[in-house]
Amino acid sequence: MEVIFLLIGVSLILAVTFLWLFFKAMKDGQFDDDTTPSIRMLFDSHKKSTKDQSTKPKSYE
């Protein structure tokens, strides 16, 4: 029975430690994306759709 209490205590200490390390990494910017903003302009985000072209009146083409 004492082993169960010991295992619960150790698991809680490990869980709190990993949670603290995760928040510390978040605060230090470990998961910030530095690459995508610099190459975003290289990707074409505007897609031409056939619906937009078909709604134009014929006189403007």
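A nonpolar patch, as I use the term here, is made of residues with over 30% relative accessible area and no salt bridge, their nonpolar side chains joined within 5 Å. Please keep that in mind while we look at this predicted model.

With that definition, Leu6, Val10, Leu14, Phe18, Trp20 and Leu21 form a nonpolar patch on the surface. Together they have about 640 Å² of accessible area. Take one of them, phenylalanine 18, which sits in helix H1. Its relative accessibility is 56%, and the cut-off for exposed is over 50%, so phenylalanine 18 counts as exposed.

Now the overall fold. The secondary structure comes to three helices and zero strands, and the order from the N terminus is α-α-α. The protein has 61 residues, of which 2% count as buried. It exposes about 6,500 Å², with carbon and sulfur atoms supplying 65% of that area.

Helix H1 covers residues 2–28. How far apart should its ends be? At 1.5 Å a residue, the 27 residues of H1 should span 39 Å. The end C-alpha atoms are in fact 39 Å apart, so the expected and computed spans agree. Just after H1 comes glycine 29, with a positive phi of about 85°.

Next, charges. The structure holds one salt bridge. In it, the side chains of lysine 24 and aspartate 28 meet at 3.8 Å, N to O. Why can these two reach each other? An α-helix has 3.6 residues a turn, so residues three or four places apart point the same way. Lysine 24 and aspartate 28 are four residues apart in H1, and therefore about one helical turn separates them. As for their surroundings, lysine 24 is partly exposed at 40% relative accessible area, while aspartate 28 counts as exposed at 56%.

Last, the aromatics. A search of the whole structure finds two aromatic pairs. One of them joins phenylalanine 22 and phenylalanine 31, with 6.0 Å centre to centre and 40° between the planes. Planes under 30 degrees apart would count as stacked and planes over 60 as edge-to-face, so this pair is tilted. Phe22 and Phe31 also belong to one aromatic cluster, together with Phe23.

Where does phenylalanine 31 lie? It is in the loop between H1 and helix H2, the latter being residues 36–39. Leaving aside residues up to four places away in sequence, phenylalanine 31 touches Phe22, Ala25 and Met26. Is phenylalanine 31 buried or exposed? Its relative accessible area is 53%, so it is exposed. Its partner, phenylalanine 22, is partly exposed, with 40%.

To recap: one salt bridge, two aromatic pairs, and a nonpolar surface patch that includes Phe18 and Trp20. That is all I have.

Technical notes:
Residues are numbered from 1 along each chain as its sequence is written. This is a predicted model: local features need pLDDT of at least 70, side-chain atom pairs count only at pLDDT 80 or more; totals for chains, interfaces and linings use all residues. Side-chain values use heavy atoms; hydrogens and water are left out. Rings of Phe, Tyr and Trp (its six-membered ring) pair if their centres lie within 6.5 Å; planes under 30 degrees apart count as stacked, over 60 as edge-to-face and the rest as tilted. Buried means under 20% relative accessible area, exposed over 50%, partly exposed in between (1.4 Å probe, protein chains only). A salt bridge is a side-chain nitrogen of Lys or Arg within 4 Å of a carboxyl oxygen of Asp or Glu. Helices (H or I, at least four residues) and strands (E, at least two) are DSSP runs, numbered from the N terminus. The expected span of a helix is 1.5 Å times one less than its number of residues. Accessible areas come from the Shrake-Rupley method with a 1.4 Å probe; for residues, only the protein chains shown count as cover. Patches are made of residues with over 30% relative accessible area and no salt bridge: like charges are joined within 9 Å, nonpolar side chains (Val, Leu, Ile, Met, Phe, Trp, Tyr) within 5 Å. Contact means heavy atoms within 4.5 Å.
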